[in-house]
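Please read this report with the sequence and the structure at hand. It goes through selected parts of the chain in turn.

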Amino acid sequence: MSINRQQAFSGTKEAPAALRLDEARLADYLARHIDGFAGPLTARQFKGGQSNPTYLLETPARRYVLRRKPPGKLLPSAHAVDREYRVIGALHAQDFPVAEPLVYCADESVAGTAFYVMSFADGRVFWEPSMPGSDPAERAAVYDSMNDTIARLHAFEPAEIGLADYGKGENYVARQVERWSKQYRASQTETIEPMEKLIEWLPRHIPPAGSPRLVHGDFRIDNLIIARDSPSIIAVLDWELSTLGDPLADFTYHLMAWHMPPSESAAGTATLHGHDLGALGIPSMADYVDDYVARTGLDPRPHLDIYLAYNFFRIAAILQGIIGRVRDGTATSDHAPARAEMIRPLADKAWEFARQAGAGE
């Protein structure tokens, strides 16, 4: 069945019983910790997002956004909303486009799990990288803005913005391969041959890393809020996987949009595959990479196939974690069960890039 991703993932829904908030208790807490906050409060869960349940909070005077850890058994080091709150605070102080962080609460008696509240960024989210309903000039401008934004992110010296200790930094890709291999194993539900090959091949083919920078970890068009009246990015969302690491691994992650296996179901991750990019006004991947190199002086091109193999492997492992949460009853998206069918095509695509980089020869 075909899906309109814009319709499926935009807006809010009533939270399922396991994820409902005690609105009165929450309003009482926020009134004591956010200047100018006054109830009554209503909370609805955003449809989009897989990992940390995210809610629109509405009061008579203002809207806010709350992100919390999901309840239940969680994979190690996942769902670190305290880290999200810290990084958006550091970036907000640099006028980087993020929502303003307002309060972090570790007290689980307020909302059931740790959470933070930030300002509501009122703009547009494009759930499809082809930006249906837009025009070529706007698409070109949004893609240029997206490229400029990640280039700005990778230009920060972590120590200069108070994030020197935000992650280990060194050997990022090697550690990510190890981490996601372990998490894949922890949530594995079947044997997928390309994943087995990649777990063995990737650690021996890690690209040489430059100096560590702040990396987002999940940078893509549907994690950006675009201004309503311009192609400007007003907020980058979902910093759960952010850390210090290899900026080229981070940049090449969102290049997967140019190669994502197409899917007609809610399971699919959106793709540019099969689209006439020139007619749409969207740059080719090669031109988009060239723009990033020009802006940053950082160059993924010598190891691009390995980076893409790594990133497709990583997203397959992340999706397997979602399937593990379905198995354990803690998944937060209506579409999570359908994601299982995407893991094998993603693994196949990862192995295809690994073969282009010399694997299996």
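## Report on the predicted model

Setting aside neighbours within four places in sequence, P207 is in contact with H303, I306 and Y307. The model in which these contacts are found is a predicted one. P207 is located in the loop between helix 7 (193-201) and strand 7 (213-215). With a relative accessible area of 6%, P207 is buried. Its C-alpha atom is 9.8 Å from that of D246, and the two residues are 39 apart in sequence.

**The chain as a whole**

The chain contains 12 helices and 10 strands. It has 361 residues, of which 55% count as buried. Among contacts between residues at least 6 apart in sequence, 73% join residues at least 24 apart.

**The six-stranded sheet**

Six strands form an open sheet in the order 1-2-3-4-6-5, and their pairing is antiparallel. Strand 1 (12-13) and strand 5 (101-105) stand at the edges with a single partner strand each, so each has one side without a neighbour in the sheet.

Within this sheet, strand 3 (residues 54-58) pairs with strand 4 (residues 63-68) in the antiparallel sense, over five bridges. Y55 stands opposite L66 of strand 4. Strand 5 and strand 6 also run antiparallel and are joined by four bridges. Here V103 has V117, in strand 6, as its bridge partner. In a regular strand, side chains alternate between the two faces of the sheet.

How many of the five residues of strand 5 are buried? Four of them are, so strand 5 is largely enclosed by the rest of the structure.

Two helices lie across parts of this sheet. Helix 2 (residues 23-33) lies across strand 2 (42-46), strand 3, strand 4, strand 5 and strand 6 (115-119), and runs at about 120 degrees to strand 5. Helix 3 (residues 81-92) lies across strand 4, strand 5 and strand 6, and its angle to strand 5 is about 155 degrees.

**Loops and backbone angles**

In the loop between helix 2 and strand 2 lies P40. The peptide bond joining G39 and P40 is cis, with omega at about 5 degrees.

The table lists two residues other than glycine that have a positive phi.

| Residue | Phi | Loop | Relative accessible area |
|---|---|---|---|
| D95 | near 60 degrees | between helix 3 and strand 5 | 66% |
| N171 | near 55 degrees | between helix 5 and helix 6 (172-187) | 55% |

D95 is exposed, and N171 is exposed as well. The cut-off for this label is a relative accessible area over 50%.

**The loop between strand 6 and helix 5**

R124 lies in the loop between strand 6 and helix 5 (136-155), and F126 lies in the loop between strand 6 and helix 5 too. Is R124 buried or exposed? Its relative accessibility is 19%. Buried means under 20%, so R124 counts as buried. The side chain of R124 makes a polar contact of 3.0 Å with the side chain of E138. Apart from neighbours within four places in sequence, the residues in contact with R124 are E138, L224, I225, I226, A227, R228 and S230.

F126 is buried, with a relative accessible area of 9%. F126 and I221 are 95 residues apart along the chain, while their C-alpha atoms are separated by 6.6 Å.

**Helix 10**

Helix 10 (residues 285-296) consists of 12 residues. From its first C-alpha to its last it reaches 17 Å, which is close to the 16 Å expected at 1.5 Å a residue. Which residues of helix 10 are buried? They are M285, Y288, V289, Y292 and V293. Seen down the helix axis, the buried residues of helix 10 fall within an arc of 140 degrees, so they line one face of the helix. An α-helix has 3.6 residues a turn, so residues three or four places apart point the same way. After helix 10 comes G297, which has a positive phi near 75 degrees.

Conventions. Residues are numbered from 1 along each chain as its sequence is written. This is a predicted model: local features need pLDDT of at least 70, side-chain atom pairs count only at pLDDT 80 or more; totals for chains, interfaces and linings use all residues. Side-chain values use heavy atoms; hydrogens and water are left out. Two strands pair if DSSP finds at least two bridges between them. Helices (H or I, at least four residues) and strands (E, at least two) are DSSP runs, numbered from the N terminus. Contact means heavy atoms within 4.5 Å. Axes are lines fitted to C-alpha atoms, for helices over the stretch in contact, and angles run from 0 to 180 degrees between N-to-C directions. Buried means under 20% relative accessible area, exposed over 50%, partly exposed in between (1.4 Å probe, protein chains only). A polar contact is a pair of N or O atoms within 3.5 Å; within protein, one must be able to donate a hydrogen and the other to accept it, and residues adjacent in sequence count only if both atoms are side-chain atoms. The expected span of a helix is 1.5 Å times one less than its number of residues. The arc is that of the directions from the helix axis to the C-beta atoms.
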